[in-house]
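Biologist: I am new to reading structures and would like a close look at a single part, followed outward step by step to whatever it meets. Please explain each term with its cut-offs when it first comes up.

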Amino acid sequence: IINRISIPRHGWYNYEALSSVAKFIEEKFKEYGYIVDFDEFSYNGREYKNIIATKSGIDSKKEWLLIGAHYDSAIDSSGADDNASGVAVMLEVARILRKSEVSEKIKFIAFTLEEPQAFDLKFIIGSSHFVKKMKKLGYRYKAIILESVGYFSQAKGSQKLPAFVKGPDIGDFIGVIGNKKSRPLLELFDKAKTYVPSLNLITYKAPLNGWIAIETRFSDHAPFWDAGFQAVMLTDTAMFRNPYYHTSQDTPDKINSYFLENVTKVLLSAVLIEEKF
């Protein structure tokens, strides 16, 4: 999946490639037995769509566990880690859970236009549109967003951190970032990591909705925070670890498959624990 998606697919400069990747994701969801709907919108005179996959249709309930990942890439980037890795984990979780009862409670979303756009540098456009629309329609969410989850390093000094954030200097962990309201989801992942002991998982509660460490808001979880929903971002910390971030060298050979497998396992564990409550 990562190999198939890892092509330049910026929302403006690679519109046809982005549409091709959208079609691929749609077909995968259908192959796994999901009903696919679209949240469509116009931006700069072009049509874009968030891809929504559920087992019984989006109208079957109002309250959802949402698992999401953006499928566009930055300008001139192959986007393997950012964010083919997140899409791959989302699709694998959808595949594994497709015949389980818990899948009825999950809304999988592939978001578009997460990356900065060429003319106005706006970003998180697709998820912002989705959250605003769905909140108005009365839907409620607990959201788990996958954002760059495949880059791993055990070298000392390989991990940098945002200002005012303390943590390790080795990039061998997956971060789970939440806000104050999302504490139950952070606690959920603290429980889930006990089922995947080979994965180093660190949770972080961003103060003031992330406005102190602004980089903690740089993905599709931020609109959920602003709308008052619980949401966390699973991330390898992107630009703070991956030297190929937002470049043409963000290619599949840089992805650590064992790390990606463990991220998939911990997400599955969290979903199944959540089902027990």
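Modeller: A helix is a DSSP run of H or I with at least four residues and a strand a DSSP run of E with at least two, both numbered from the N terminus. With these names, Leu 121 can be placed in the loop between E4 and H4, and that loop is where I will begin. This is a predicted model, in which local features need pLDDT of at least 70, side-chain atom pairs count only at pLDDT 80 or more, and totals for chains, interfaces and linings use all residues. Residues are numbered from 1 along each chain as its sequence is written, and side-chain values use heavy atoms, leaving out hydrogens and water.

Leu 121 has a phi near 60°, a positive value in a residue other than glycine. Its relative accessibility is 60%, so Leu 121 counts as exposed (over 50% relative accessible area; buried is under 20% and partly exposed is in between, with a 1.4 Å probe and protein chains only). Phe 119, which is also exposed, has a value of 55%.

Phe 119 brings us to the aromatic pairs, which are rings of Phe, Tyr and Trp (its six-membered ring) with centres within 6.5 Å, called stacked if the planes are under 30 degrees apart, edge-to-face if over 60 and tilted otherwise. The whole structure has 17 such pairs. In one of them, Phe 119 meets Trp 12 edge-to-face, with 5.1 Å from centre to centre and 80° between the planes. Trp 12 belongs to the loop between helix H1 (2-5) and helix H2 (15-31), while Phe 119 belongs to the loop between strand E4 (106-111) and helix H4 (125-136), so their pairing ties together parts that are 107 residues apart in sequence. Trp 12 itself is partly exposed, with a relative accessibility of 23%.

The ring of Trp 12 has another partner, Arg 46, whose charged end sits over it at 3.8 Å from the ring centre (a charge sits over a ring if NZ of Lys or CZ of Arg is within 6 Å of the ring centre and within 35 degrees of the ring normal). A similar arrangement is found where Lys 61 lies over the face of Trp 64, 4.7 Å from the ring centre.

Strand E2 covers residues 46-54, and Ile 51 is found in it. In the loop between E1 and E2 we find Asn 44, whose phi is near 50°, again a positive value in a residue other than glycine. Asn 44 is partly exposed, at 41% relative accessibility, whereas Ile 51 is buried, with a relative accessible area of 0%. Leaving aside residues up to four places away in sequence, Ile 51 touches a list of residues including Ile 25, Phe 29, Val 36, Phe 38 and Phe 108, where touching, or contact, means heavy atoms within 4.5 Å.

These contacts lead inward to a nonpolar core, defined as a set of buried Ala, Val, Leu, Ile, Met, Phe, Trp, Tyr and Cys residues joined through side-chain atoms within 4.5 Å. The largest one has 61 residues, and Ile 25, Phe 29, Phe 108 and Leu 146 have the most contacts inside it. Helix H3 (residues 80-97) gives the most to this core, namely 10 residues. Apart from it lies another core, of 21 residues, which has Trp 64, Val 131, Tyr 141 and Trp 225 among its members. Phe 108, with the same sequence neighbours left aside, touches residues including Phe 29, Ile 51, Met 90, Val 93 and Ala 94. Helix H3 also holds Asn 83, and the peptide bond from Asp 82 to Asn 83 is cis, with omega near 10°.

Finally, the strands we have passed can be set in their wider frame. Two strands pair if DSSP finds at least two bridges between them, and here eight strands make an open sheet of mixed pairing, in the order E1-E2-E4-E3-E5-E8-E6-E7. Its edges are strand E1 (35-43) and strand E7 (200-205), each of which pairs on one side only. E5 and E8 run parallel and are joined by six bridges, and Ile 145 stands opposite Met 233 in E8.
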